[in-house]
Structure formats: structure tokens, C-alpha cells
There are 2 protein chains.
Amino acid sequence: MPESPEPSLAEQPDSLPGNSVGLVKPQVFEFEEPLELSCGRSLDKYELIVETYGELNDTKSNAVLICHALSGNHHAAGYHSTNDTKAGWWDDYIGPGKPIDTNHFYVVSLNNLGGCDGSTGPRSVNPATDQPWGKNFPPLRIRDWVHSQARLADKLGIEQWAAVIGGSLGGMNAMRWALEYPERVRHCVVIASATRLTAQNIAFNELARRAIRGDAQFFDGDFMEQDTIPREGLALARMIGHVTYLSDELMGLRFGRELRSGSFQRGLEAPVEFQVESYLRHQGDRFAESFDANTYLLMTKILDYFDLAREYDNNLVQAFSQAQCKFLVVSFSSDWRFSPARSTEIVDALVAANRDVAYTEVDSAMGHDAFLLPNPRYESIFRTYMQGIARKSVNARSQP
Amino acid sequence: MPESPEPSLAEQPDSLPGNSVGLVKPQVFEFEEPLELSCGRSLDKYELIVETYGELNDTKSNAVLICHALSGNHHAAGYHSTNDTKAGWWDDYIGPGKPIDTNHFYVVSLNNLGGCDGSTGPRSVNPATDQPWGKNFPPLRIRDWVHSQARLADKLGIEQWAAVIGGSLGGMNAMRWALEYPERVRHCVVIASATRLTAQNIAFNELARRAIRGDAQFFDGDFMEQDTIPREGLALARMIGHVTYLSDELMGLRFGRELRSGSFQRGLEAPVEFQVESYLRHQGDRFAESFDANTYLLMTKILDYFDLAREYDNNLVQAFSQAQCKFLVVSFSSDWRFSPARSTEIVDALVAANRDVAYTEVDSAMGHDAFLLPNPRYESIFRTYMQGIARKSVNARSQP
């Protein structure tokens, strides 16, 4: 429970890639002051688990906040041990010489409130009952995340973020920052996101929730008390998400109609299985072992409820008129969950609100997942924009 | 078990719409000769439940076969009783004066083998065990349906169909007819279909199957013996299908982000629900009460396995070179499960094979479901094509 951040960058062994932030160690921050939530309840105290990469400069003007998406967490870059086979979820974009360059920026990445990777959430103990919160964890809104993140910034001594950056749900988080604390954000980077979900998006989330709730091991959310997890439901929920995050084209390229084994020979009665089926099952099963079902329900409801303009007379232009920062908006051509049309809605409203915005639609076959994956054009645009921020960030605190 | 069809058109009461085929009564046909299946097994005997509309002419040249889609059945038009609130699933397109005009055509519509609405399928008794087939019903291919339908045609005295017509899975069935029995099909109408599924399509089917198999009440397919049904899983499977059959645009138009009840007021902890969520649940729950889970698994596997060109060196042109009939191919602009691109693959191969084909992409916001729904342009194209067949069908038997 450090009050000020300890360096979380440990010594980097030879075995890790040279352009990685190397070994990192998460830190847990405790917050003892009650947090009033949008639902009307409050959390008396809570913890946030955080990773930081790079060094905060003397003027504290080079801090960047990373906002994660539905199934993300604080581990955005680097490795937790030399045995790790996988780096953090955005390691392609955060590190020395990468678009979010840790030679220039002090990068802060946390697991959001309500998460299941170390921050206070349904798996945590409710101090009032000494039992895990489980399904009784308060419903959250993205605004609540922003407020908790602002307190984290306070603890870190960061008055103003050089940039708040997020993809998908994280992009919603970043936009909300720009409206809630206009003076604390210099740049807002919104990737593969939207100001609110479409009915189709809500429908897919409802399918995922129904998969979880329909699992007999869910026990109406009280599965922890029963010492079990709704493994099947959670796996299916993830599979539903996964299919929709990929594009039809990508799935065709990656799997085609390849069979996993066997063939169509006559007499064969064992179920013939396509590669895409076993891939999805593997993804779903792996996810089910680590993610919390109540967190999944909580997070998808946060997604569904989010509507950036609701408190601004449902007028996006009026909403964005609150912002003082500059914006970079990025979309991907084959993303049909958060399509380019959703991004141009953001851009049009920003332009109408007379805000400074750069926009690009990146050509990609990767669907919604594109925001996580290597792509030369995306990297180049992202890098150029971040370099512009870095050049100005030394003396930037007074230039919103 | 009539050997020849009885008139299935009962007296039409005043209360039913005037342009309806009126009251209809399904007939069950029994087949005692074993049917060799693609899987190498055979069915010693089987039944098909059938509805017919209109009158077979003297030259038996005006018969049209309707092939149903995944959740369809024999009840394509008319009403089963004057209390019916809903007509058959394609009543907008089959009836006097409608595109498939029963004043001209003798329309045959059956529940496919493996179905759950009266034809032999998983719910039927396996004569070898005196128990329901359940999960042990043989895996089928569309070719097996075509062979069983050919025997039905024999019983009805129909040597050659004026047209074989189907949407989606039914379109695959119709195309297979044109290759299996080229001399028995004069016209093939393929609507919102494809020569094989994409990896994304297979993935969605796998999600639906996993939903069913993951239901604790599925009992590895033996739910009948347990006197239960996998209601939750089947409902979720249907919901997954349903979301993908609609377009994003249609869902936005129909549901927007309307809330079912309540609002976002502070303090509200009951789960706020969007209209689209309750709609989907209702659709899923209703389906789960009537459809058989083993049939759903069987049918989706038939869809996945289907590959029109597999036995023709994976060459669609070579495949369609077998056909002797003329083709009408129709797609819908917002259909992303069986997109217009899938239909143009069919058309391009037909043209390369020097077959006679008419094609149109109909502008519609209705997604894949468009093939079932009223649409002036679709109706007009369909009607015109069918009128062309009707004009020639009186003496048509010798003119393939």
C-alpha cells in the first residue's frame, strides 16, 4: 500500500525482448476515503492494482493513463517473470521506442474497480459482511472508474495526464475523463470505440450474460459460496465475444473450413470438427479458468449503460463542448462491433464542438481485435501522434 | 399413410385472410424401403410429414418443392385451425395471387428428415430399440434429404419439379437437388444462401451447439430419458441465431436503446433492461418449448458440413455443370450471415458453367430474415420469375 509509487520496473534479464519494458511488478494502492458511486451507494474503501512503466518527469507532465477493455487488466506491458510466455496485453504498443514510448512517457495502467485481477471487485471481501461481495458488488458506471482513477492520479502526484488512452470500453473511459475532468487531460486517444453501444452490441452482451446465468454452477451469482465456478457459461460468454471481435474475413483467412482431424469419409460418426471450433473452445476454456463471472456481468452492464451524451441532453456536441483536450480517434475497417461509423459519429461531434481532432480509419482484416494487434499503419499514426505529445510534454502542464 | 395425396386444403372459413391457402391439414407419408445415408448407415423405414397447397395438374408439370431452413417445417402456408393467430412460415409468399401462386402451382412442403415436427427424427422411436432415437439418430447430409424428397416426389407422381425453392439452408437443399437429379428439376430458386458456410458461420453454429450441450438438462443428449429438456441451452442457441439473422440497422430501428422499464435514476439497483434483451429472451424461450435439441445439433452440423463442390474437385463450375435447370438467385443487402458476396459466388460459377441464371440483390435492412419477410421488390422479382415458369409449365415436362 505505497502512498507514492515505487519503481515497478525490475531488472531486465537477457532472455526478454530488448524493446520490452522488461520485468514489471504490480503495486496495490489502498484508498480509505469513501467513493460515492453513480448508483447512490458508496465504497468505504477500495484497492486498485497498478503497473507503471517509464519514469515520471520532474514537472510530472509526461504521465499517460491506459484504460483497459472488457477482459483487460493492469498488466498492459512487460513480463511478470522470466518464465512468462506472454507479455502484457498491449506490449506491442507500450515500451521503449514503441508508439507509447516509455523513454518519454510515464505509463500508468490499472485494473478497474469491479475487476477480478487484484482491484476491489466481486471477488473481494465486503468489509460489512466479511464475505466476498460476489453478485452484491455495487453496479458501476464508467464515471465511477474515472473518479477512482482521478484519486489514483492524486496519489501519484499527477495533476494532468499528458494523455488518457483506451480501446473499446477503454475508449469510453478515456472520453468520460475528458468530460469529467477537462482540465486534467491534455490528449484523449479513443480507439475502436463508440459513444454508446448499438442494440446489436447490447444483444451480444445479453447473450453472454445469459450464457453465464444459465450455467447451473452460477447459483444466481453465489458460486463462490458453493465452491465452484460457472465454467461452461463463462467459456461460452467469452466465445460469443470472441467470434464478434474477429472479422468474417480474418476467420476465413485463419481457419478457412479446415478440419481438425478426420474427414468426411463415409461411415464416420464421430463428430467432425472444424479448426475454428476447437480454437474457440480453447479460448473459452482458458478464459473461464481465470475470469470472474460476476465481473463479466458487471463489465458488460457498464458497457451497455454507457451513453456519453445522456447527461448532456443526449447531445454529443454539447457533451464534447465540455472537453478541453485534443483528440485522436482511430477505427478499423473490418471492426463490426465498433465500426468506423461509430468513430465518425465521435469525430463529427468533436468537429461541431470546435475541438481539435485527428481521425483515421485503418485498413485491417482483424475486426475489433485490431486495436490490440500489430499493424504498421496503426503503429505509425499512433507513434506520430504520441511523439507530438512527447515533444510538448516537458513544459506542457500550463498548456491545456 | 396415403400412397397418393389427399387434398390437404380444407374448407376455408370466412375468418381467414382471403389471399390465404386457408385451412390446411398435414399428411404423413410412410416409406418402407430402406434409405441409404451418406454416413454409411441406413434408415429401414421413415415418415415424412407434408403439406400441399394448390392442385397438381394433369401433366403433373406444375409441382413446386419448398425446402425449409434451420428451424422451419412443413407448415409453410395457411392455417391449421381457425384459432391460429399465425399462418405458416412463408405465407407471405405462398398462396393465391402470391409469388408462389397456388392458382398455378401445386406446392409441396415437408418437414425434413431429422426434424422435430412430425417427420422421422431424434424424437421418433428407433424400431431397433423401441426407444426414441435421441442423440443416436444418424448424422445426415443435405444429399440424404434430397434422396428422401425424391422418393416423396415418386409417391406424388411427380417426375420433374417445375421448381425447387429454398432460402438459407433450404437454398443449399435446392442447389443439391439440381446436381443430384438434374433431369428432375426445371428451375432452382436459391434465396439468401451459399455453396458452403464461412468459418464465421461455423463459429456461430458452434456457439449454439455449445449452449445446448452446456445445459445441465441436456444429459449428453439423453434428456428425453430424464424427462426434461435443455430449455436454457436451446433458448440461448436460438437467441444467438436470432441476433445474427437480424442486421445491426434493423435492431437499431426496431429497438434502439429503449429501456423496458425504469430508467437510469440513481439508486436503482434492479437490473435495467433494454427492449432488445427482453425481446430476445421471449424469442428464445418460446423456441425452447417446441424445438428438439438433438434436431438443432443435427441441423447445424448439416449446415456446417455442406459444401456443394466437395465431390466435384472443389470446383463450383464443375459442380454446376451437372445442372440442367435454370436458376434464380436472390440476396439481401444487409444479410451478413449469407451475404450478397456468397450469392455472387454462386452466380459467377453458374455463368462460368454456362447455365441460365437470373440474379438480384434486394435492398433490405432486415438481415438474413429478409427472405421470410414482406418486401415489394423481392416479391415483384420472385413473382415475375414464377409467372414465367407458370406460363411454360403446362407442356413443360419435355422441356428441361
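In this predicted model, helix 3 of chain A and helix 4 of chain A pack with their axes 7 Å apart, at an angle of about 160°. An angle over 145 degrees counts as roughly antiparallel, and helix 3 of chain A and helix 4 of chain A are therefore roughly antiparallel to each other. Helix 3 of chain A goes past helix 4 of chain A in a right-handed crossing. On the helix 3 side of chain A, the contact draws on Phe204(A), Leu207(A), Ala208(A), Ala211(A) and Ile212(A). Helix 4 of chain A answers with Gly233(A), Leu234(A), Leu236(A), Ala237(A), Ile240(A), Gly241(A) and Thr244(A). Sorted by class, that makes nine nonpolar residues, three polar ones and no charged residues in the contact of helix 3 of chain A with helix 4 of chain A.

Helix 4 of chain A also packs on helix 6 of chain A, where the axes come within 7 Å and cross at roughly 125°. Helix 4 of chain A and helix 6 of chain A are therefore oblique to each other, and their crossing is right-handed. From helix 4 of chain A, the residues involved are Arg231(A), Leu234(A), Ala235(A), Leu236(A), Arg238(A), Met239(A), His242(A) and Val243(A). Helix 6 of chain A puts in Leu280(A), Gln283(A), Gly284(A), Asp285(A), Phe287(A) and Ala288(A). Here the split is eight nonpolar, three polar and three charged residues. Leu234(A) and Leu236(A) turn up in the contact with helix 3 of chain A as well as in the one with helix 6 of chain A.

Another helix pair in chain A is helix 1 (residues 142–156) and helix 2 (residues 169–180), whose axes come within 9 Å and cross at roughly 70°. Helix 1 of chain A and helix 2 of chain A are therefore roughly perpendicular to each other, again with a right-handed crossing. Ile142(A), Arg143(A), Trp145(A) and Val146(A) of helix 1 of chain A meet Met172(A), Asn173(A), Arg176(A), Trp177(A) and Glu180(A) of helix 2 of chain A. This contact holds five nonpolar residues, one polar residue and three charged ones.

Zooming out, the domain assignment splits chain A into domain 1 (27–196 + 307–398) and domain 2 (202–300). Taken over C-alpha atoms, the centres of domain 1 of chain A and domain 2 of chain A are 27 Å apart. Between the two, 22 residues of domain 1 of chain A touch 16 residues of domain 2 of chain A. The domain 1 side of chain A has ten nonpolar, eight polar and four charged residues there.

As for the chain pair, 42 residues from chain A and 42 residues from chain B make up the contact. Two or more residues each come from helix 3 (199–213), helix 4 (231–245), helix 5 (248–255), helix 6 (275–290) and helix 7 (293–305) of chain A. Helix 3 of chain A gives the most, at nine residues. By class, the side of chain A that touches chain B comprises 21 nonpolar, nine polar and twelve charged residues.

Chain A superposes on chain B by a rotation of 180° with 0.0 Å of shift along the axis, at an RMSD of 0.0 Å. That is the relation of a two-fold axis. Of the interface residues of chain A, 100% are also interface residues in chain B, so the copies meet through the same surface.

Methods. Residues are numbered from 1 along each chain as its sequence is written. Chains are lettered from A and ligands numbered from 1 in the order in which they are written. This is a predicted model: local features need pLDDT of at least 70, side-chain atom pairs count only at pLDDT 80 or more; totals for chains, interfaces and linings use all residues. Two residues are in contact if their C-beta atoms, placed from the backbone, lie within 7 Å. Helices (H or I, at least four residues) and strands (E, at least two) are DSSP runs, numbered from the N terminus. Ala, Val, Leu, Ile, Met, Phe, Trp, Tyr, Cys and Pro count as nonpolar, Asp, Glu, Lys and Arg as charged, and the others, Gly among them, as polar. Axes are lines fitted to C-alpha atoms, for helices over the stretch in contact, and angles run from 0 to 180 degrees between N-to-C directions. Angles under 35 degrees count as roughly parallel, over 145 as roughly antiparallel, 65 to 115 as roughly perpendicular and the rest as oblique. A crossing is left-handed if the near helix is turned anticlockwise from the far one by less than a right angle, and right-handed if clockwise. Copies are superposed by least squares on the C-alpha atoms of residues with pLDDT of at least 70 in both. Domain bounds come from an automatic or database domain assignment.
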